[in-house]
Amino acid sequence: MQRYSILWVDDEIDLLKPHILFLEQRGYDITPVNNGSDAIELCESKNYDVVFLDENMPGLSGLEVLDVIKGRKPNLPVVMITKNEEEHIMEEAIGAQIADYLIKPLNPNQILLSVKKLLDNKRLIIEKTNLSYQQEFRKISMAFMDEMNHEQWAEIYKKLVYWELQLDQSDNKDMSDVLDAQKTEANSNFARFIIRNYDRWLNDASVEKPLLSHQLMKRKVFPLIGKETSTFLIVIDNLRFDQWKILEPIINDYYSVEREETYYSILPTTTAYARNAIFSGMLPVEMAKSHPDLWIGEDEDEGKNNFEEEFLEKQLRRNNLNIKFSYHKIKNLEEGRSLAESVHNLFSNNLNVIVYNFVDMLSHARTDMAMIRELAPDESAYRSITRSWFLHSPLLEIIKTISQRKAKVIITTDHGTIRVKRPFKIIGDRSVNTNLRYKQGKNLGFEGDKIMQVNKPERLFLPKVNVSTTYVFATEDQFFAYPNNYNYYVNFYKDTFQHGGVSLEEMIIPLIFLNSKNAI
């Protein structure tokens, strides 16, 4: 076990010998000193893991010593010890970034708790996390043996995300590898669940089914629209549930989470299908038939999401909502800054929709840019870069500005994304679409059954370019690869984040309802 060294500074240090002996018996090395000047010299010449510092000493006061130590070694934890309980002393010490604050008279367990919290905290958390996940592992594995419904699958996914985030803090790679294997098993079972049930969700009115993309506005957003309060729907494109959990602590500074829900993206889990379904309130084949002027098919080169505002307007009219609304799609930094500067003008609208494309751009950029590939080689790094972007983004400024006024705020997405690892060989002609997680076309050739094959697209309300059009969806962490230039293709796309197929990460996505903490 690692031995830690503690510098203890107190003008009555001799009276603290029982406490020093107590810590030494538990494996800590203590250096006692009775004045601030000696403490500063020792901090400069030696390395300590923590400093215990008396606030009230003759000569240099504890607060003065604290300023010097923090100026020279800002990361060295300092525990302030004092008889003085005056609030301004506490505030000054806290403002100088003390690690803990203890009031005399001290007792041994109080001191030990502070030391363990500072020095053994990470080790204790890791040990407890690993043990707790081992126990949860068995429960999750047992659940796979049952016939779960869509709500239970959502709960399983949330649990896996929870443990993934917990184990992020651990340096125990073995346990992380166990979780990765369990996620793979979960996705294998989830794919079978979707293959069995997705058709029934769309065609059988009597079957229990989740909320799907095309039902989101009517069931979750429209009921919140009021005459006196503006409603903001923020759609962060391609945002996974684990990425939401990383952003949540930042948003918690300004909002409380009223409800944290999930819903299921339709197939394919792409912007063209899922997000158009959100704003139109229709499934893809319904959009193609009812609004051929707005629906852009796979056989056309035009952008697939250029008419979201028009789809939204038609859905509002269809639901007899004669309201003022705005729609903003943010595709780059300058557009984000422009909206951040003008968002205060939106509160006169009943509904404001903001589509923010950054996460989608990041996932695609990761396959194209060497630097992004280096920055986000796995899920943990992908979450980290998402958090870093959000902290410095115009989107956070927009969310902060909205929090200052009374408004209803919903954060969601259109689909998630999965890190693909295993290639699946497929053959198709030039008319086949380029997405790595689903293929649409005629005469698709492949071997094996580890995919979702759809020979009757009309059953899933998917458009057909011609009579013999079929769809195939990649499941688990697979991606489609052509035999031509196979090795180059596989090496280029392996371990990139893709969407369009069937996985927990792509289909089960966050739907968050927020209440402002600062609204006036």
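## Helices around a pocket

Helices here are DSSP runs of H or I with at least four residues, numbered from the N terminus. Keep that in mind as you look at this predicted model, because the helix numbers below follow that count.

Let's start with the second largest pocket, which holds about 300 Å³ of space. Which helix gives the largest share of its lining? That's α7, with five residues. Helix α7 spans 173-203, and α6 (150-168) and α16 (379-391) join in too: each of the three supplies at least two lining residues.

In total, 14 residues line this pocket. If you want to find its centre, look for D168, S176, D180, D378 and S380, which lie nearest to that point. As for the chemistry of the lining, nine residues are charged, three are polar and two are nonpolar.

## The six-stranded sheet

Now for the strands. A quick reminder: strands of a sheet pair through backbone hydrogen bonds, either parallel or antiparallel. One open sheet in this model has six strands, and walking across it you meet β7, β18, β10, β6, β9 and β8 in that order, with mixed pairing. The edges belong to β7 (255-264) and β8 (325-330); each has a single partner strand, so one side of each has no neighbour in the sheet. On average, neighbouring strands here are turned by 15° against each other, ignoring direction.

Let's zoom in on one pair. How many bridges join β6 to β10? There are six, and the two strands, β6 at residues 230-236 and β10 at residues 407-412, run parallel. To spot one bridge yourself, find L233: its partner in β10 is I410.

A helix also packs on this sheet: α17, residues 394-403. Helix α17 touches β6, β7, β9 (351-356), β10 and β18 (508-516), and its direction makes about 160° with that of β6.

## The three-stranded sheet

There's another open sheet to look at, this one with three strands in the order β13-β15-β14 and antiparallel pairing. Which strands sit at its edges? They are β13 (438-441) and β14 (451-454), and each pairs on one side only. Neighbouring strands in this sheet are turned by 10° against each other on average, again with direction ignored.

Strand β14 is joined to β15 (residues 470-474) by four bridges, and these two run antiparallel. For a landmark, look for M452, which stands opposite F473 in β15.

Key
Residues numbered from 1 in each chain as written. Predicted model: local features only at pLDDT ≥ 70, side-chain atom pairs only at ≥ 80, totals over all residues. Heavy atoms only, no water. 1 Å grid on protein atoms, 1.4 Å probe; cavity = no way out; pocket = protein on both sides within 12 Å on 5 of 7 lines; lining within 4 Å. Points joined across faces, edges and corners; volume = space filled by probe spheres on them. Nonpolar A, V, L, I, M, F, W, Y, C, P; charged D, E, K, R; others polar. Pairing = 2+ DSSP bridges. Axes fitted to C-alpha atoms, helices over the stretch in contact; angles between N-to-C directions. Contact = heavy atoms within 4.5 Å.
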